[in-house]
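Trainee: I have not seen this structure before. Could we go through it by question and answer?

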Amino acid sequence: MKPSGEPPLVLALDDQLCLALYTASRAMTARYRALLEPLGLTYPQYLVLLVLWQEGPSTVGGIGGRIQLESSTLSPLIKRLESMQLVRRHRDTADERTVVVELTPDGVAMERRAAPIPGEVNTAVGMLDSERSELVERLRGLADRLSLPPGR
């Protein structure tokens with residue numbers, strides 16, 4: 001017990017935003033893991049496929065920028081998707097240093113198999129669409145602010 005007059009402890013675990021975000025992120029990833037396992041996909045592989053389904057052929061750097069993964073992490077992940085015959089990689093004819101990733105017919109077909117997943121996650125989250133959209137926007141804003149250099 002703290003003596004009276006001492007300031008409240010600011011490092012109380014349950015009051016930390018970082019813990020709330022961390023546990024929510026782990027729970028979300030675990031939910032996706034369970035839903036993606038029957039498709040043979042990991043959560044990061046699913047994110048790569050989401051980029052390709054939405055944007056079409058993309059560079060490795062472009063994919064990494066969209067899902068916030070470094071090329072060193074992304075390259076083995078894409079190689080695994082290629083070995084699963086969901087994507088193919090090739091050098092850009094205009095710049096051979098650039099690797100382009102595109103869906104194969106199996107990768108295109110996987111989109112239909114994965115289509116129910118967002119709805120299942122939304123049901124598990126238990127929010128109205130407007131609440132979920134607001135939370136997504138707030139989290140994007142939080143990420144943007146945290147990406148600024150300290151003191152800004």
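Mentor: Tyr32 is a suitable place to begin, and the model is a predicted one. At 13% relative accessibility, Tyr32 falls under the 20% cut-off, so this residue counts as buried.

Trainee: Is Tyr43 buried, partly exposed or exposed?

Mentor: The relative accessible area of Tyr43 is 25%. Buried needs a value under 20% and exposed a value over 50%. Tyr43 therefore counts as partly exposed.

Trainee: How many aromatic pairs does the structure hold, and which class does the pair of Tyr32 and Tyr43 have?

Mentor: The structure holds three aromatic pairs. The ring centres of Tyr32 and Tyr43 lie 5.2 Å apart, and their planes stand at 50 degrees. Stacked requires under 30 degrees and edge-to-face over 60. The angle fits neither, so the pair is tilted.

Trainee: Which helices hold Tyr32 and Tyr43?

Mentor: The two residues are 11 residues apart, and their pair links distant parts of the chain. Tyr32 belongs to helix 1, residues 17–36, and Tyr43 to helix 2, residues 43–55. The names asked for are helix 1 and helix 2.

Trainee: What is the class of the pair of Tyr32 and Tyr46?

Mentor: Tyr32 and Tyr46 are both buried. Tyr32 is in helix 1 and Tyr46 in helix 2, so their pair ties together parts 14 residues apart in sequence. With ring centres 5.6 Å apart and planes at 35 degrees, the pair is tilted.

Trainee: Which residues form the aromatic cluster?

Mentor: One aromatic cluster takes in both tyrosines just discussed, Tyr32 and Tyr46. Its full membership is Tyr32, Tyr43, Tyr46 and Trp53.

Trainee: Which helix gives the largest share of the largest nonpolar core?

Mentor: That core has 26 residues, and Leu49 is among the members that touch the most others. Helix 1, helix 2 and strand 3 are among the elements that each supply at least two residues. The largest share is six residues, and it comes from helix 2.

Trainee: Are helix 2 and helix 5 roughly parallel or roughly perpendicular?

Mentor: Their axes are 11 Å apart, at an angle of about 110 degrees. Angles of 65 to 115 degrees form one class, so helix 2 and helix 5 are roughly perpendicular.

Trainee: Which residues of helix 2 make the contact with helix 5?

Mentor: By class, the contact has five nonpolar, one polar and one charged residues. Helix 5 contributes Gly107, Met110, Glu111 and Ala114. From helix 2 come Tyr46, Leu49 and Trp53.

Note on methods
Residues numbered from 1 in each chain as written. Predicted model: local features only at pLDDT ≥ 70, side-chain atom pairs only at ≥ 80, totals over all residues. Heavy atoms only, no water. Phe/Tyr/Trp six-rings, centres within 6.5 Å; stacked < 30°, edge-to-face > 60°. Helix = DSSP H or I, 4+ residues; strand = E, 2+ residues; numbered from the N terminus. Buried < 20%, exposed > 50% of the residue type's maximum accessible area, 1.4 Å probe, protein only. Core = buried A, V, L, I, M, F, W, Y, C linked by side-chain atoms within 4.5 Å. Axes fitted to C-alpha atoms, helices over the stretch in contact; angles between N-to-C directions. Parallel < 35°, antiparallel > 145°, perpendicular 65-115°, else oblique. Contact = heavy atoms within 4.5 Å. Nonpolar A, V, L, I, M, F, W, Y, C, P; charged D, E, K, R; others polar.
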